[in-house]
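Biologist: I am new to this structure and would like a close look at a single part of it. Could you start from one small piece and then lead me, step by step, through what surrounds it?

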Amino acid sequence: MRKFAILIFLAALAAPLHAQRLNLDFPSIAERASESTDVTLDGPMLRLAAKFLDKSDHDEQQARDIIKSLTGIYVHSYEFEHEGEYDRSVVEKVRAQLGPSWKSMVTVRSRVKENVDIYLDMRGENIAGLLVIDAEPRELTLVNLVGPIDLDRLASLEGEFGIPHFSKGEREKDKEKERKHE
Amino acid sequence: MHLEDNLKRALARQSAPDGFAERVMNAVNAVSAEARPSPGASRHPLPEGEGRGIRRGWRAIAAGLVLTAVAGGWAAEKAIERREGERAREEVLVALHIASAKVRVAQQHVHEIGSH
């Protein structure tokens, strides 16, 4: 009985340390999207990916450093042909999954730019998870990183890896640069 | 009726003659002893050196086949792991790129608010 009580106590201690994975899978939205990006990488796949990231490449080394402490990366990004083509209640369904440890860090509301919500899973002083919701009329992006995250380091990655900028404004800047080069 | 009597007589159970079982067992033992090769001798006897060479040849072929199978399996497993690793690497880069873009947008907004 005493051993059982100790076991329960230890489990209760460990529970808050275990970062939360959210369910971001909404097949009905993916079906309607004209373009979609789905990334689901759990711990073992992240370890495998880390082996293949180029240590001599500065950007990939940074990515390596970021993912080494993560236990999951889940990204679902959809683009639609027309405005209002996806069910906005999906955003509420994602928010409803957030437990009391999740804190809203930033909420951006804009008529012309992105509408971004960033939530952090705070365990004391430490960040144990990140949720990004970017809900626009023709775009929906949901990102869930599970594990300790250095936000400044993550933000400094944009535009790296030879991948075009993701945000519309930055994509326009990329196009501008290309035109100048031509 | 006559046919029935004949059949009954022909199929009637009869005891084996005395010593029948012993004679059968002796015959079986004699055949087995003939068929069993003596130790060290093959059914198709070859000169000693030649037989040993053939056996070695077969062993070498068998070892080669086993090695090829093991090496092939290992190489295939490595190729699969490499393919999965490269795919995971690309997915990590795409995912971090998207995540960082969104976080950066939020940070820019915060900086803009702070600078006003």
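**From one helix to the shared core**

Modeller: In helix α4 of chain A, residues 58-67, the buried residues are Q62(A), A63(A), I66(A) and I67(A), where buried means that 20 or more other C-beta atoms, placed from the backbone, lie within 10 Å of the residue's own (12 or fewer would make it exposed, and anything in between partly exposed). Looking down the axis of α4(A), these buried residues fall within an arc of 125 degrees, so they line one face of the helix; the arc is taken from the directions that lead from the helix axis to the C-beta atoms. Helices (H or I, at least four residues) and strands (E, at least two) are DSSP runs, numbered from the N terminus.

This is a predicted model, in which local features need pLDDT of at least 70 and side-chain atom pairs count only at pLDDT 80 or more, while totals for chains, interfaces and linings use all residues. Residues are numbered from 1 along each chain as its sequence is written, and chains are lettered from A and ligands numbered from 1 in the order in which they are written.

Helix α4(A) is one of the elements that each supply at least two residues to the largest nonpolar core, together with β1, α3, β2, β4 (116-123), β5 and β6 of chain A and α3 (48-115) of chain B. Such a core is a set of buried Ala, Val, Leu, Ile, Met, Phe, Trp, Tyr and Cys residues joined through C-beta atoms within 7 Å. This one has 46 residues, and those with the most contacts inside it are I73(A), V92(B) and A99(B), while the element that gives the most is α3(B), with 11 residues. Leaving aside residues up to four places away in sequence, A99(B) touches V75(A), V132(A), V143(A), L145(A) and L154(A), contact meaning that the C-beta atoms, placed from the backbone, lie within 7 Å.

Some of these partners of A99(B) lead into the sheet of chain A. In β6(A), V143(A) is the bridge partner of V75(A), and V132(A) also stands opposite V143(A). Strand β6(A) is mostly covered, with 7 of its 8 residues buried. It pairs in the antiparallel sense with β2(A) over 8 bridges, and 7 bridges join it to the antiparallel β5(A), with which it forms a hairpin that has 3 residues between the strands. Two strands count as paired if DSSP finds at least two bridges between them. The whole is an open sheet of 6 strands in the order β1-β2-β6-β5-β4-β3, with β1 (35-42) and β3 (102-108) as its edge strands.

Across β1 and β2 (72-79) of chain A lies helix α3(A), residues 43-52, running at about 95 degrees to β1(A); axes are lines fitted to C-alpha atoms, for helices over the stretch in contact, and angles run from 0 to 180 degrees between N-to-C directions.

Between the chains, 36 residues of chain A are in contact with 24 residues of chain B, and α3(A) provides the largest share of chain A's side, 6 residues. Chain B itself has 3 helices and 0 strands, and buried residues make up 15% of its 116 residues.

Conventions
Contact = placed C-beta atoms within 7 Å.
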